[in-house]
Amino acid sequence: MRYVCETVGTTTVVTLLDDALDAQNSKEFRRSVEAEVRDKESVLFDLQHVRFMDSSGLGAVLSCLRLIEGGGGGLRLCELGPEVRKAIELVRMDRLLDVYRNRAEALAAARDGAPTLET
Amino acid sequence: MTLTLTPFQRALENLLSPLPPHLPLGVRLRDSGAWLREPPHGAELNRMCAGNGSLGVTLCVPAGSEALLDLGESLVAAAAQLAELEEQREGLCEELATSYESLSAVFDIGGDPALLLSPARALAKVLDHAVAFEPGIEGAIWLAKSDDTIEPTQWRTPEPPVPRDRGHGIVGRVLRERRGIIVNSRGSGWGEEPELRSARRVAAAPLLARGEAKGALVVWHAGHGSFDSRLMGLLTTLCSQAALILEQERLRVEAVAGEKLRREIEIGSNIQQVLLLGRTPADVTGLEIGTLARASRQVDGDFFGFFHHGNGVFDIVLGDVMGKGIPAALVGAAVKSQFQRFASTTGPAGRKLPCAEPAEIVAAVHDQVSETLIELGRFVTAIYARFDVNRGTMTYVDCGHTDALHHRADVRKVDLLHTKPQGRTNLPLGFARETRYEQVTVPFGPGDTFLFYSDGLTEARAPGGTFFGVDAVASALARGKDQRAQALVDRICGEVERFSGSVGIHDDLTCIAVRVTGKPPACRLALEVENVPGSLAQVRRFVSEVSSAIPGCPFHDEHVAELHLALTEAASNVFDHAYHGGAGTLRLEALWNESELRFRLLDRGTAFDPAMAKPPRFDGTTDGGFGVYIIREIMDVFDYTRGDGGTNVLELVKRFPGKEGR
């Protein structure tokens with residue numbers, strides 16, 4: 001599991017380089033990325049390379065979401081492909097996640113302090 | 001600070017030590033955040049990382065240095081291989097016994113009707129099963145009293161535990177949270193309970209009846225080790241048994257007759273749903289099953305069960321306990337569990353046992369229950385039927401039950417199955433101590449339908465007092481012969497309801513339709529994958545290949561995306577649960593005919609029925625449990641069987657768009 005971790009303004013951007021987040025790399029994703037995003041105020045997952053995500057991948061994203069929100073921060077996602085979007089909708093996670101079309105829009109929202117989750 | 005390193009980390013440290021110090025490669029231990037190898041320039045903001053989460057390290061290099069990352073990853077892989085050699089030991093047999101423990105406990109307790117009449121003995125037996133889980137376990141069953149105290153009713157510990165305040169300690173926590181709790185570390189999670197003074201680990205589960213916590217089953221151990229979900233599974237099963245026993249006892253002493261009746265109906269229908277009826281199998285290759293189970297106001301003790309044997313062999317039992325009310329329902333549950341026991345071909349540790357003939361199964365159940373039934377003055381009629389799809393035969397043993405019906409598609413005629421084997425009728429269970437059971441075999445063909453039912457169906461009355469009768473059932477069957485099995489039983493139920501009109505239906509209506517669906521799909525493509533990185537991606541490529549190989553390509557992109565997801569979930573389930581994340585081979589077969597695509601996943605790992613998985617929560621508080629939910633959302637059929645020779649078979653069926661049916 002490979003990713004690029006960069007800081008843009010106050011946002012930590014994690015770009016996954018693998019084309020799938022499934023049961024075979026989601027544990028790894030969770031463990032490595034959780035350490036990167038802990039206590040960050042704004043985090044963006046750029047999923048442009050991820051073509052497929054299964055329930056364990058979704059679970060890993062959820063666990064990051066809880067961790068970030070637990071620390072008072074916000075998580076945004078961008079560049080979701082159709083299969084990833086389908087999986088998110090199947091388990092009704094679209095209500096919990098804050099999704100943007102592309103990186104620019106997500107970063108703009110983070111800069112403007114737009115709420116990351118309407119509850 | 002000195003770090004305690006795992007074998008893997010030690011191996012990695014050794015491999016890293018000869019690297020030139022100026023190489024900008026950092027290796028960090030994820031848990032402690034400590035560096036196993038510190039990068040020379042300190043941490044950089046923008047960098048590339050490759051984590052290996054399961055090994056607990058993250059590699060960091062400056063952005064763009066992919067070659068260096070490759071080097072790091074190959075060192076990690078080498079270290080992992082070195083460490084793996086050290087780690088291969090123990091823990092193999094443990095999981096194998098899982099399902100067997102819970103099942104045998106239910107057989108033992110639920111299977112003995114006499115125990116149902118003595119709550120103290122039954123609870124003692126529940127506790128015996130819990131403490132038998134591991135040598136050295138002690139335990140107690142606590143009951144909540146009306147004055148906010150709790151009192152032990154059974155215990156397996158040298159000193160009897162003392163009654164106490166209900167808010168207290170681990171029992172207090174279980175009663176409040178109404179869920180099972182495992183605490184594997186000493187001194188946290190439980191209070192000053194005297195009996196737990198030397199315990200190192202404690203597990204407790206609530207006794208839930210009608211949504212309330214009535215007490216708790218607590219076990220503990222003074223030795224090192226840890227309790228796991230396997231024990232919790234057993235405790236949960238035992239607690240539902242105990243709750244049933246307590247509820248029955250409470251009813252017995254309940255003074256007010258009206259209140260008693262109301263509760264009896266409530267509990268009766270609970271028993272009926274949980275113990276007597278259970279799940280209808282979605283589909284068996286070549287057969288389609290429909291069931292009807294309408295509980296009456298007075299519980300009747302009708303029961304049915306289904307047993308897969310693999311290789312196209314599938315058994316049904318449908319029975320009816322003479323008499324009404326909770327006692328009849330409990331007898332029904334006990335007798336059904338005996339059928340389950342003798343029909344089961346899974347022995348201890350998941351071993352496959354030979355499959356007995358129907359007449360042998362019935363005779364074994366009779367031997368087990370007849371004495372008690374005679375003592376209780378009850379008897380049970382039943383029909384036990386075995387379908388063999390490959391041979392095209394149905395073999396049945398009728399124990400004084402209502403005659404089954406067989407609609408033959410070739411001659412368009414309904415046969416009443418009332419052949420008397422060797423000129424005599426088999427007796428109901430509990431009629432006589434000594435009796436013989438004979439079986440009869442009938443052939444079937446594509447499009448045939450069988451109907452099994454209890455007398456509640458034929459004895460439903462019209463306002464004028466006439467019975468619905470077997471002829472009316474037979475003509476309903478003939479009219480509904482082309483419907484799907486479930487639509488057929490629904491139709492019959494509707495006809496009975498219209499027939500009874502204002503009189504209403506007073507008995508349980510129980511009915512099973514089995515329709516022979518004709519040629520099963522043939523296997524066209526297969527794939528074998530090992531549990532190695534990338535195999536799930538291989539599964540998805542196979543799914544794409546299959547989708548485009550089906551003539552006419554009935555699935556478009558969105559369907560294929562769904563199939564990717566469902567098959568990935570199913571395959572990772574196999575790797576996780578059958579092989580526990582270790583090595584193992586998964587065989588994937590794709591079969592199709594003109595109306596459906598069927599995937600079969602075969603593995604030789606631990607028995608695991610995904611249907612037993614808990615339903616997921618959608619509020620973001622849990623990360624897991626979505627896999628089975630996703631598969632069910634996407635596929636039309638999702639079924640598990642334990643086949644011959646210890647093979648797990650998962651079947652996932654997707655009907656072609658426009659051919660979904662139902």
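This is a short tour of a two-chain model, stop by stop, with something to select at each one. Keep in mind that the model is predicted.

**Stop 1: chain A on its own**

Start by showing just chain A and colouring by secondary structure. You should find four helices and seven strands in chain A. Trace the chain from its N terminus and the order of elements is β-β-β-α-β-β-α-β-α-β-α. Of its 119 residues, 52% are buried. If you look at contacts in chain A with a separation of 6 or more, 75% of them are between residues 24 or more positions apart.

**Stop 2: the hairpin at the start**

Now select residues 2-8 of chain A, which are β1, and then residues 11-16, which are β2. These two strands run antiparallel, with six bridges joining them. For a single pair to zoom in on, pick Val4(A): opposite it, in β2(A), stands Thr15(A). The hairpin has two residues between its strands, and in it Gly9(A) takes a positive phi near 60°.

**Stop 3: helix α2 of chain A**

Next, select residues 55-70 of chain A, the helix α2. How far apart are the end C-alpha atoms of α2(A)? They are 22 Å apart, and this agrees with the 22 Å that 16 residues should span at 1.5 Å a residue.

Is α2(A) mostly out in the open or enclosed? Of its 16 residues, 12 are buried, so the helix is largely enclosed by the rest of the structure. Try showing some of the buried ones as sticks, including Leu58(A), Val61(A), Leu62(A), Cys64(A), Leu65(A) and Ile68(A). Just after the helix, Gly72(A) takes a positive phi of about 85°.

**Stop 4: where the chains meet**

Bring chain B back into view. Here 36 residues of chain A are in contact with 37 residues of chain B. On the chain A side, the elements giving two or more residues are β1, α1 (26-37), α2 and α3 (82-90). Your helix from the last stop, α2(A), gives the most, with eight residues. Colour this side of chain A by residue type and you'll get 17 nonpolar, seven polar and 12 charged residues.

**Stop 5: chain B and the cores**

Switch to chain B, which has 16 helices and 25 strands. Buried residues account for 43% of its 662 residues.

In soluble globular proteins, nonpolar side chains tend to be buried together. To see an example, look at the largest nonpolar core, which has 95 residues. Among the members that touch the most others are Cys64(A), Leu59(B), Ala566(B) and Ile631(B), so chain A and chain B both appear in that list. The biggest contribution comes from helix α15 of chain B (residues 557-578), with 10 residues. Select Ala566(B) and look around it: setting aside residues up to four places away in sequence, Ala566(B) touches Ile630(B), Ile631(B), Ile634(B), Met635(B) and Leu652(B). Apart from this core lies another, of 67 residues, with Tyr396(B), Val414(B), Phe468(B) and Ile492(B) among them.

**Stop 6: one proline to finish**

Last, select Pro119(B), in helix α5 (residues 119-131) of chain B. Why does Pro119(B) count as partly exposed? It has 18 other C-beta atoms within 10 Å, and a buried residue would need 20 or more. Add Ile245(B) to your selection: the two are 126 residues apart in sequence, but their C-alpha atoms are 5.9 Å apart in space.

Technical notes:
Residues are numbered from 1 along each chain as its sequence is written. Chains are lettered from A and ligands numbered from 1 in the order in which they are written. This is a predicted model: local features need pLDDT of at least 70, side-chain atom pairs count only at pLDDT 80 or more; totals for chains, interfaces and linings use all residues. Two residues are in contact if their C-beta atoms, placed from the backbone, lie within 7 Å. Ala, Val, Leu, Ile, Met, Phe, Trp, Tyr, Cys and Pro count as nonpolar, Asp, Glu, Lys and Arg as charged, and the others, Gly among them, as polar. The expected span of a helix is 1.5 Å times one less than its number of residues. A nonpolar core is a set of buried Ala, Val, Leu, Ile, Met, Phe, Trp, Tyr and Cys residues joined through C-beta atoms within 7 Å. Two strands pair if DSSP finds at least two bridges between them.
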